[in-house]
Amino acid sequence: MPSCCTTQGFARAKVFRGKKILGDYDIKVEQAEFSEVNLVSYSNGNCSVDMQVIRGGTKVVRTFRPDFVLVRQHAFSMAQNEDFRNLIIGLQYAGIPSVNSLDSIYNLCDKPWAFSQLTNNQKRLGSDKIPLIDQTFYPNYKDM
């Protein structure tokens, strides 16, 4: 049975309940936030995900191998314990397909990096095609 792993948001399991892939395969949806997930990835494409979630006041632990992921949560925040880039790397390492590319999720973890990609495209296509608000980057607060 194909497993889809999704993070945050509404109960996607209800949307896929009773649906099949190619008319033969049931879809099983596992949904959790990054903070509830741990994984191990292997270069041969295998990936084992452990989910520890609270359901009805009880801690439930599930282990499964995702066939596909949908990420609906930021993978990095400056807040303490909010860096989940290692999970994105683990999914990429195992080659797990995703609706939103794992490359783009990882690149958007660093806002100045993402803005630099936009400025590169603006230089190539013109500011009329990609209008941006001027910004200044400082590598640390001392240089401000």
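Biologist: Starting with N81, is this residue buried or exposed?
Modeller: In this predicted model, the relative accessible area of N81 comes to 64%. A residue counts as exposed when that value is over 50%, and therefore N81 is classed as exposed.

Biologist: Where along the chain does N81 lie?
Modeller: The strand β8 covers residues 68-70, and the helix α2 covers residues 85-94. N81 belongs to neither of these elements, but to the loop between β8 and α2.

Biologist: What is the phi of N81?
Modeller: Most residues other than glycine have a negative phi. N81 is not a glycine, yet its phi has a positive value, near 60°.

Biologist: Is S98, which sits in another loop, buried or exposed?
Modeller: S98 is found in the loop between α2 and α3, the latter being the helix of residues 102-107. Its relative accessibility is 17%, and because the cut-off for burial is under 20%, S98 counts as buried.

Biologist: Which residues does S98 touch, if those up to four places away in sequence are not counted?
Modeller: One of them also appears in a polar contact, since a polar atom of the S98 side chain lies 3.3 Å from the backbone oxygen of V69. Leaving out residues up to four places away in sequence, the residues that S98 touches are F68 and V69.

Biologist: Which residue has its backbone oxygen reached by the side chain of S98 at 2.7 Å?
Modeller: The backbone oxygen of V69 is 3.3 Å from a polar atom of this side chain, so that value does not fit the distance in the question. At 2.7 Å, the side chain of S98 reaches the backbone oxygen of N100.

Biologist: Turning to the whole chain, how many helices and strands does the secondary structure come to?
Modeller: Read along the sequence, the pattern is β-α-β-β-β-β-β-β-β-α-α-α. In total, the secondary structure comes to 4 helices and 8 strands.

Biologist: What radius of gyration does the chain have, beside that of a compact globule of 144 residues?
Modeller: The C-alpha atoms fill a box of roughly 50 × 35 × 30 Å along the principal axes. For a compact globule of 144 residues the radius of gyration would be near 15 Å, but for this chain the value is 19 Å.

Biologist: What share of the exposed area do carbon and sulfur atoms supply?
Modeller: Of the 144 residues, 29% count as buried. The chain exposes about 10,200 Å², and the share of this area supplied by carbon and sulfur atoms is 52%.

Conventions: Residues numbered from 1 in each chain as written. Predicted model: local features only at pLDDT ≥ 70, side-chain atom pairs only at ≥ 80, totals over all residues. Heavy atoms only, no water. Helix = DSSP H or I, 4+ residues; strand = E, 2+ residues; numbered from the N terminus. Buried < 20%, exposed > 50% of the residue type's maximum accessible area, 1.4 Å probe, protein only. Rg over C-alpha atoms; globule rule 2.2 N^0.38 Å. Areas by Shrake-Rupley, 256 points an atom, 1.4 Å probe, with all protein chains shown as cover. Polar contact = N/O pair within 3.5 Å; in protein donor to acceptor, adjacent residues only side chain to side chain. Contact = heavy atoms within 4.5 Å.
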